[in-house]
Amino acid sequence: MDKKISVSQIKEVAQEAYEMFKTNTGGKNADYIPYLANIDKNLFGISICLMDGTLIQLGDSEYRFGIESVSKVHTAVLALRQYGAQKLLEMIGADATGLPFNSIMAILLEKDHPSTPLVNAGAITACSMVQPIGDSAKKWDAIVANITDLCGSAPQLIDELYKSESATNFNNRSIAWLLKNYNRIYDDPDMSLDLYTRQCSLGITAAQLSVCGATIANDGLNPVSKKQIFDGSLSPKITSLIATVGFYEHTGDWLYTSGIPAKTGVGGGVMGVMPGLFGISAFAPPIDSAGNSVKAQLAIKYIMNKLGLSIFNGDRVTITE
Ligand SMILES: NC(=O)CC[C@H](N)C(=O)O
């Protein structure tokens, strides 16, 4: 079906979602990373970036929060840029685990076949793949430059978060060395883990994540900077990774109810990709048991359903003035 949606309709629905959920008290800040436990739980922001670069922003959309697992998408894009789609499939894989993001069981079960760059194990492997191999400083520069490209502006390291996370990431240390045991890490395990921990500690805003989502939705062309960041053929690859495992063990429920591939982080951020139409991000610190922001989920779901949008309904949607 051909369908037209106006920019003012999108603004109106986003405003409704913001008002409706801003006082919601569901969920709890992540507390296994001490820094995150202390973030103001009332922060709430929404941002939508359209294909012409128009930004629709509400609430705390310029607040810098810990990007956490949303950064797994960015570094998967970097690995795709450096290795191509086929190599990424061979070296990591594109399968959902159906298990929590930090699952060791998933690695044991999948030891002889690949998983996905969007859970901790595959994300640490993706960091190990970043070129140039063996050079931590240059790898870090490549990770940050890629995030800057995708978001149209630079992220900033939250030093306190990096320290907090490095001091408590025992489970992830086990993951890095277990991967080494199965030859599924391609650089020094400790260095790869440190790069992963540091990228999770980058401060980012909902506005920046909506631009990144829009860049993926726009075949790699950043609609704000107007720079072509990656080859358009990689867009469906990255969106399929997000669709498959963006909400970990709750991914099916999420796609079924929201209709949009999206990736979450325990810092409270969610980044959604609506191919050809927009990138959307919402941020609120309290998360559910799978590590997904409660308010961000409610807001994005509301906006998608109220606008009647879904990647599955086959509509040809045009956004009008
Ligand atoms: N789901 C997440 O956001 C987890 C990221 C966090 N840095 C971790 O590895 O545990």
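Here is a quick look at a few spots in this structure, which is a predicted model.

Let's start with a small sheet. Three strands make up this open sheet, in the order β4-β6-β5, and their pairing is antiparallel. Which strands stand at the edges? That would be β4 (65-66) and β5 (156-157): each has a single partner strand, so one side of each is left without a neighbour in the sheet. As for how β4 connects, 2 bridges join β4 to strand β6 (residues 202-204), and the two run antiparallel. One pairing to look for is G66, whose bridge partner in β6 is G203.

Here are the strands, side by side:

| Strand | Residues |
|---|---|
| β4 | 65-66 |
| β5 | 156-157 |
| β6 | 202-204 |

Next, hop over to Q297, which sits in helix α14 (residues 294-307). Is Q297 buried or exposed? Its relative accessibility is 13%, and because buried means under 20%, Q297 counts as buried. What does Q297 touch, leaving aside residues up to four places away in sequence? Its contacts are F247, W254, D288 and N292. With D288 there is also a polar contact: the side chains of Q297 and D288 are joined at 3.0 Å.

Finally, take a look at the surface. M105, L108 and L109 together make a nonpolar patch of about 300 Å². To find this patch, head for helix α5 (residues 105-109), where M105 lies.

How values were computed:
Residues numbered from 1 in each chain as written. Predicted model: local features only at pLDDT ≥ 70, side-chain atom pairs only at ≥ 80, totals over all residues. Heavy atoms only, no water. Helix = DSSP H or I, 4+ residues; strand = E, 2+ residues; numbered from the N terminus. Buried < 20%, exposed > 50% of the residue type's maximum accessible area, 1.4 Å probe, protein only. Polar contact = N/O pair within 3.5 Å; in protein donor to acceptor, adjacent residues only side chain to side chain. Contact = heavy atoms within 4.5 Å. Patch = residues over 30% accessible without salt bridge, like charges linked within 9 Å, V, L, I, M, F, W, Y side chains within 5 Å. Areas by Shrake-Rupley, 256 points an atom, 1.4 Å probe, with all protein chains shown as cover. Salt bridge = Lys/Arg side-chain N within 4 Å of Asp/Glu carboxyl O. Pairing = 2+ DSSP bridges.
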